[in-house]
Amino acid sequence: MYLIACTFLSVYLFSIGIYGLITSRNMVGAIIGLELICNSINLHLVTFFDLFDSRQLKGDIFAIFVITLAAAEAAIGLSILSSIHQPIYWLIQIRVYNS
């Protein structure tokens, strides 16, 4: 029952992430979709490694590595978003002050 429930939850999160990634109109929605996909993969990975390889911590260590990569991906995506937003904001302020 534990394996079936975790697999169902993982597939459900993965499908929500794919749907959010495909239908997102902005970059933040795409990042949220990617985060859901990464979290569903981590859940599936930890579930199977806990069930089949309970003595070693390979799955947990790999999941921590994937979480670290997802956090770095989110930080890079948000920094790109802020760097794109900043010049447009200053251009709007310059046009307002020059009018």
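Begin by selecting Asn26 and Gly29, at the start of α2: a side-chain oxygen of Asn26 comes to within 3.1 Å of the backbone nitrogen of Gly29. The model on display is a predicted one.

**The whole chain**

Next, colour the chain by secondary structure. Three helices appear, and zero strands. Read from the N terminus on, the order of the elements is α-α-α. Should the viewer offer a display of accessibility, it may be applied to the chain as a whole: of its 99 residues, 17% count as buried.

**Helix α2**

Select residues 27-52, which make up α2. This helix has 26 residues. From its first C-alpha to its last it reaches 38 Å, close to the 38 Å expected at 1.5 Å a residue.

Which residues of α2 are buried? Highlight Ala30, Ile31, Gly33 and Ile37, together with Ser40, Asn42, Leu45 and Thr47; these residues of α2 are buried. Then add Leu34, which also belongs to helix α2. Leu34 has a relative accessibility of 32% and therefore counts as partly exposed, since the buried class ends at 20% and the exposed class begins over 50%.

**The nonpolar patch**

Keep Leu34 selected and add Phe14, Ile18, Leu21, Ile22 and Ile41. Together with Leu34, these residues form a nonpolar patch on the surface, with about 490 Å² of accessible area in total. Two elements, α1 (2-23) and α2 (27-52), each give two or more residues to the patch. Which element gives the most to the patch? The answer is α1, with four residues.

**From α1 to α2**

Move to Tyr12, in helix α1. Is Tyr12 buried, partly exposed or exposed? With a relative accessibility of 47%, Tyr12 counts as partly exposed. Now select Ser40 as well, one of the buried residues of α2. Tyr12 and Ser40 lie 28 residues apart in sequence, and a distance drawn from C-alpha to C-alpha reads 8.2 Å.

**From α3 to α2**

Select residues 58-98, helix α3, and find Leu78 within it. Leu78 is partly exposed, at 47% relative accessibility. Draw a distance from the C-alpha of Leu78 to that of Ile31: the two atoms are separated by 8.6 Å, while the residues are 47 apart along the chain. Ile31 is among the buried residues of α2.

Continue to Leu81, likewise found in helix α3. Leu81 is partly exposed, with a relative accessible area of 30%. Select Val28 with it; what separates Leu81 and Val28 in sequence and in space? They are 53 residues apart in sequence and 8.3 Å apart in space, C-alpha to C-alpha.

**The cysteines**

Finally, select Cys6 and Cys38. Cys6 is buried, at a relative accessible area of 14%, whereas Cys38, at 21% relative accessibility, counts as partly exposed. The two fall into separate classes because buried means under 20% relative accessible area. How many disulfides does the model hold? A disulfide requires a pair of cysteine sulfur atoms within 2.5 Å, and by this rule the count is zero.

Definitions and conventions: Residues numbered from 1 in each chain as written. Predicted model: local features only at pLDDT ≥ 70, side-chain atom pairs only at ≥ 80, totals over all residues. Heavy atoms only, no water. Buried < 20%, exposed > 50% of the residue type's maximum accessible area, 1.4 Å probe, protein only. Patch = residues over 30% accessible without salt bridge, like charges linked within 9 Å, V, L, I, M, F, W, Y side chains within 5 Å. Areas by Shrake-Rupley, 256 points an atom, 1.4 Å probe, with all protein chains shown as cover. Salt bridge = Lys/Arg side-chain N within 4 Å of Asp/Glu carboxyl O. Expected span 1.5 Å × (residues − 1). Polar contact = N/O pair within 3.5 Å; in protein donor to acceptor, adjacent residues only side chain to side chain.
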